[in-house]
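The following exercises concern strand pairing, sheet order and the surroundings of a ligand. Please work through each task with the sequence and the coordinates at hand.

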Amino acid sequence: MPTPTYYAATAPRLGFPALSGSTDEVEVAVLGGGFAGLAAACGLQERGIASVAVLEAHTIGHGASGRNGGFVFGGFSRDATDLARDLGLPQAREFYACSRDAVALIRSRIERHAIDCEREEGGALLLNWFRHSARAERQLHRQARWLREHFGVAWDEIDAAQVRQWLDTDRYGGALLERDAFHFHPLKYALGLARVIEQAGGRVHEHSAVTALDRSPGGFVLRTAEGATLRAAQVVVAGGAYLEMLPPLTGARLPIATYVIATEPLPAQLQPIHTTAALYDNRFAFDYYRALQDRRLLWGGRISIHEREPAHIAQLLRADMLKVFPQLAAVRIEHAWGGLMSYARHKMPQIGRLAPGLWFAQAFGGHGVAPTTAAGEWLAEAISGRTDLPAALHRYGLTPVFGQAGLLAAQASYSWAELRDALKERLPG
Ligand SMILES: Cc1cc2nc3c(=O)[nH]c(=O)nc-3n(C[C@H](O)[C@H](O)[C@H](O)COP(=O)(O)OP(=O)(O)OC[C@H]3O[C@@H](n4cnc5c(N)ncnc54)[C@H](O)[C@@H]3O)c2cc1C
């Protein structure tokens with residue numbers, strides 16, 4: 001299996017220069033050119049702090065942000081009901097609303113800055129995989145009612161007949177449609193934000209892996225692998241699952257892999273999706289997929305502690321895709337890749353301050369496009385001295401994950417959840 005990610009193959013190459021020299025100084029340096037780092041930098045500039053520099057070890061969007069499913073929707077990796085249990089309803093409602101505000105902010109940044117990122121409005125459709133289970137249908141109904149009653153969020157209930165008009169498969173039962181959601185080309189969006197940051201007077205440096213972060217009078221000195229240095233009054237660390245320094249951060253999140261493939265462009269008679277919604281199902285390790293503007297099908301799924309080779313990913317995900325759309329058996333898989341998500345044990349983002357002037361945002365899990373944007377806003381408010389970080393964030397701290405043992409425990413719990421789903425599929429009820 002050849003090929004870089006579909007996104008890298010279809011995004012423009014902007015090429016931001018590596019950091020060089022040792023005399024430069026900025027107000028805020030951001031480590032990591034993913035959505036969390038870029039959103040923090042944009043948020044700061046929108047609050048009048050133009051002097052920011054984003055340092056990215058590889059290229060902008062190299063991590064999860066430039067290789068994800070492209071779903072932009074409200075909520076967090078942690079369930080809304082768990083959030084309410086943790087925080088109490090009023091605070092949970094407020095917190096959840098921030099993720100929905102972030103969806104709106106992404107839309108408005110795309111429009112304001114004319115970022116060409118193939119945005120497709122149409123919502124996100126949560127499909128019932130357990131089509132023979134009346135209990136699973138009732139559960140979807142309860143989920144919609146709960147969100148409406150407690151969070152004031154309207155998800156439409158869609159019956160199985162409508163689902164079959166939208167998708168050429170009888171794999172599913174009914175579904176819930178979150179209308180206020182969209183999907184896009186995440187790498188084009190990340191590159192668009194990087195361009196905006198530069199145009200607003202900030203700096204973006206690729207191939208600039210930060211290897212040391214030292215205190216200095218008035219702030220910090222960041223040192224890159226190539227020996228360049230940058231002084232900054234404050235620093236935001238947003239290295240996601242790819243961060244390899246700062247043990248208080250790396251020791252509090254697990255790097256977890258998930259995978260994506262893209263087919264060749266499909267002839268009209270084979271196109272199985274007749275909706276612009278992004279699609280996923282209600283299993284623990286769900287499929288997530290969508291039709292791309294160039295008529296390909298982008299298909300993602302599985303979570304694992306293992307990084308896999310593209311050929312193996314293509315084989316696994318093709319089999320998953322054929323369970324839903326067997327009519328695509330002859331279709332070529334042209335791209336296959338994996339990406340790492342960072343997960344805290346509590347499945348919520350970890351956002352805070354390690355020391356005065358040293359901020360962090362990580363552990364957005366598999367539901368991070370909107371939450372990273374919310375994090376950028378919270379950090380920009382706090383760093384610019386306007387509002388403290390939301391109190392709810394303190395509930396979700398840097399809980400240790402216990403390294404390799406934690407990874408093995410995570411894999412065991414994933415396998416158990418997958419087994420439960422497989423049983424649920426077979427048992428009536
Ligand atoms: C395959 C996949 C599919 C997903 N699908 C979706 C989806 O459809 N919708 C959704 O909401 N979420 C999805 N997610 C999750 C979402 O992509 C992430 O939660 C989010 O992008 C995390 O952003 P981030 O900025 O924290 O991390 P990243 O995007 O991983 O960015 C971190 C960056 O920091 C850089 N870095 C690390 N260390 C250093 C260093 N020392 N110096 C300089 N730079 C450094 C890395 O190179 C990397 O580019 C998916 C994730 C994956 C992997």
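**Exercise 1. Determine in which sense strands β5 and β14 pair, and over how many bridges.**

Solution. Strand β5 covers residues 124-127 and strand β14 covers residues 278-281; they pair in the parallel sense over 4 bridges. Strands here are DSSP runs of E with at least two residues, helices are runs of H or I with at least four residues, and both are numbered from the N terminus. Two strands count as paired if DSSP finds at least two bridges between them. Within this pair, Leu 127 stands opposite Asp 281 of β14.

The model is predicted: local features need pLDDT of at least 70, side-chain atom pairs count only at pLDDT 80 or more, and totals for chains, interfaces and linings use all residues. Residues are numbered from 1 along each chain as its sequence is written, and side-chain values use heavy atoms, with hydrogens and water left out.

**Exercise 2. Place this pair in its sheet and identify the edge strands.**

Solution. Step one is the order: β6-β7-β5-β14-β15-β16-β13-β17, an open sheet of 8 strands with mixed pairing. Step two concerns the edges: β6 (155-158) and β17 (333-343) each have a single partner strand, so one side of each lacks a neighbour in the sheet. Step three is the twist, which averages 20° from one strand to the next. Finally, helix α11 (residues 403-426) packs on the sheet, where it touches β13 (254-263) and β16 (297-304) (contact: heavy atoms within 4.5 Å). The direction of α11 makes about 50° with that of β13; axes are lines fitted to C-alpha atoms, for helices over the stretch in contact, and angles run from 0 to 180 degrees between N-to-C directions.

**Exercise 3. Describe the polar contacts and the cover of the ligand.**

Solution. Begin with the pairs of N or O atoms within 3.5 Å. A backbone N or O atom of Phe 71 lies 2.9 Å from a nitrogen atom of the ligand, and a polar backbone atom of Val 210 is 2.9 Å from a nitrogen atom of the ligand. For Gly 365, a backbone N or O atom lies 2.8 Å from an oxygen atom of the ligand. Next, consider the cover: of the 1000 Å² of accessible area that the ligand has on its own, the protein covers 96% (Shrake-Rupley method, 1.4 Å probe). Last, assign the shell to elements: α2 (35-46), β13, β17 and α10 (369-383) give two or more residues each, and β17 gives the most, with 3 residues.

Notes: A polar contact is a pair of N or O atoms within 3.5 Å; within protein, one must be able to donate a hydrogen and the other to accept it, and residues adjacent in sequence count only if both atoms are side-chain atoms.
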